[in-house]
Structures are given as C-alpha cells and as structure tokens.
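Let's take a walk through a protein model together. Have a look at the sequence and the 3D view, and then we'll go from one local detail out to the whole chain and back again.

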Amino acid sequence: MPKILIADDENRIRKVIKEYAEFEGYDITEASDGMQAVDFCRREDFDIIIMDIMMPRLDGYSACKEIRKHKQTPIIMLSARGEEYDKLFGFEIGIDDYIVKPFSPKELMARINAVLKRAGLKLNSTEKYIFEELVINITGREVLVNGVPASLTPKEYELLFYLVRRKGVALSREKLLEDIWGYDFYGDDRTIDTHIKMLRNSLGEYRKFIVTLRGMGYKFEDMVAESI
C-alpha cells in the first residue's frame, strides 16, 4: 500500500489526516517536527509527504530542502499562511502542492491522489514482479523462491526491492549506501558487498539476476521479466 509521511507538530491535524488516509488504504508514519521528518526520510522511502511549514526544531521549508538533496518524494505543504510569496517559495524549493489551513480532509485526499497519479504510482494495486520462479511481491513484502517463502532480513528486503524497482539501471555502491542506509551512515563499500552476498544466498539459483558491475556496483537484470 502507498506510504504517507505526515509531518505536523499539531497532533490533532495528524490524527485527522491519518484517519482519512488509512480509510483509503494508506500506510501512515507520523513526525512531530521537521528534524524527525528528515530522519524518517533518511531511513526509509515514502510515496508522498504531507509537510507543515511552522514546526519546531526544523521548519517545513528547511526540511523540504534537506529531503530534496537526496530524494524526490512528492511533497504537499500545509500552512496557515496563504500569501502568494509563501506558495511561490514552496514551489521554488520543489514542493508539488500547497494547501492553506484550515482545509477539508476530503480535498487533501483528492490532492494526494492527484499528486500520486502524476507521479505514476498505481493506487490500490499490487506491486509484484515475476522472474522465472522467483516472485517478488513488494506490496505484501514477500519473496518466493520456487514457491517457497524466502527468509530475508529487513535490509535484504529493502535492497532487493530497491534493485528490482530500478531493473536494468547500473547502481554504484555509494548510491546504494546513500539511498538505503542513509548518507550519514558510517559504513563502507563492504557493507553493500556483504548484504549482496547474503541476498544472493537467499535467492539461490536466482542470484544470477543480481549482476556485479566491476569497479562500480550492481544492477538487477533479466530480459524476460514480467511485471504485474
């Protein structure tokens, strides 16, 4: 299911948005300030972010700029200020929509669905990939190897899903470290190599789909893959 990060220091607003979003089938994560929102985005991926401007520790504009350094997740900004300058500044730093408080939760959900549709996300659908007898169900967080569920660690799941979603794309070790572990992670290239080795062992004969790019990194490659 699509994942939404709601960043607002007002618990009442987060609760209302969460109630409507969960009713429509979204998975919700809440942040009470901009610093926490940035930290969540470093550690995991979201399909869309709802970001308030006026928050403690780090305001929404600053949080947005920090997130945009590493990810292009769609962002809808919430604000009690409706001046043209505020809206224009938001769009200049990369937000996708701007809603003035107070707002209608139904309108917000309509805006969320519209932004996700523009971003190309298939709503209320199963994201599943089949490579011969390797079935990767990202929505259900399940991997089947010849019909048998594979036992993967959380990071193995994350790494495999990341590779599959970028099938055919050459990915450097630095890129994998940055996007999966976070740019402030203190590990090195051996972290990637170790997890790739573990993931390949978990996939058995289908380890062949994870291709090593000498001196660079890895990519997931299969010319006869089917996507559902």
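**Starting at a turn**

Find strands E7 and E8: they form a hairpin with four residues between them, and Arg141 in that turn has a positive phi of about 50°. A quick word on names: helices (H or I, at least four residues) and strands (E, at least two) are DSSP runs, numbered from the N terminus. Before going on, keep in mind that this is a predicted model, where local features need pLDDT of at least 70, side-chain atom pairs count only at pLDDT 80 or more, and totals for chains, interfaces and linings use all residues. Residues are numbered from 1 along each chain as its sequence is written, and side-chain values use heavy atoms, leaving out hydrogens and water.

Back to the hairpin. E7 and E8 (residues 142-145) run antiparallel and are joined by four bridges; two strands count as paired if DSSP finds at least two bridges between them. One of the matches to look for is Ile136, whose bridge partner in E8 is Val143.

E7 (residues 134-137) also has a partner on the other side of the story: strand E6 (residues 128-131) runs antiparallel to E7, with four bridges joining them. Here Lys128 stands opposite Asn137 in E7. The hairpin of E6 and E7 has two residues between the strands, and in it Glu132 takes a positive phi near 55°.

Now follow the chain past E8. In the loop between E8 and strand E9 (148-149) you'll meet Asn146. Asn146 has a positive phi of about 55° although it is not a glycine. Is Asn146 buried, exposed or partly exposed? With a relative accessible area of 41%, Asn146 is partly exposed (buried means under 20%, exposed over 50%, and partly exposed in between, using a 1.4 Å probe and protein chains only).

**Zooming out**

Time to step back. The protein has eight helices and 13 strands. Its radius of gyration is 19 Å, close to the 17 Å that the globule rule gives for 228 residues, so the protein is as compact as a globular protein of that length. (The radius is taken over C-alpha atoms, and the rule is 2.2 Å times the number of residues to the power 0.38.) Along the principal axes, the C-alpha atoms fill a box of roughly 55 × 35 × 25 Å.

What about the inside? Buried residues make up 44% of the 228 residues. Of the contacts with a separation of 6 or more, 58% are between residues 24 or more positions apart, where contact means heavy atoms within 4.5 Å.

**A few more stops**

Next, look at helix H4 (residues 84-92), where you'll find Asp86. Asp86 has a relative accessible area of 7%, so this residue is buried. Which residues does Asp86 touch, not counting those up to four places away in sequence? They are Tyr61, Arg81 and Tyr98.

Compare that with Arg57, which sits in the loop between strand E3 (48-52) and helix H3 (60-68). Arg57 has a relative accessibility of 62%, so it counts as exposed. Arg57 isn't a glycine, yet has a positive phi of about 70°.

Last stop: the loop between strand E5 (97-100) and helix H5 (105-118), home of Pro102. The peptide bond joining Lys101 and Pro102 is cis, with omega at about -5°.
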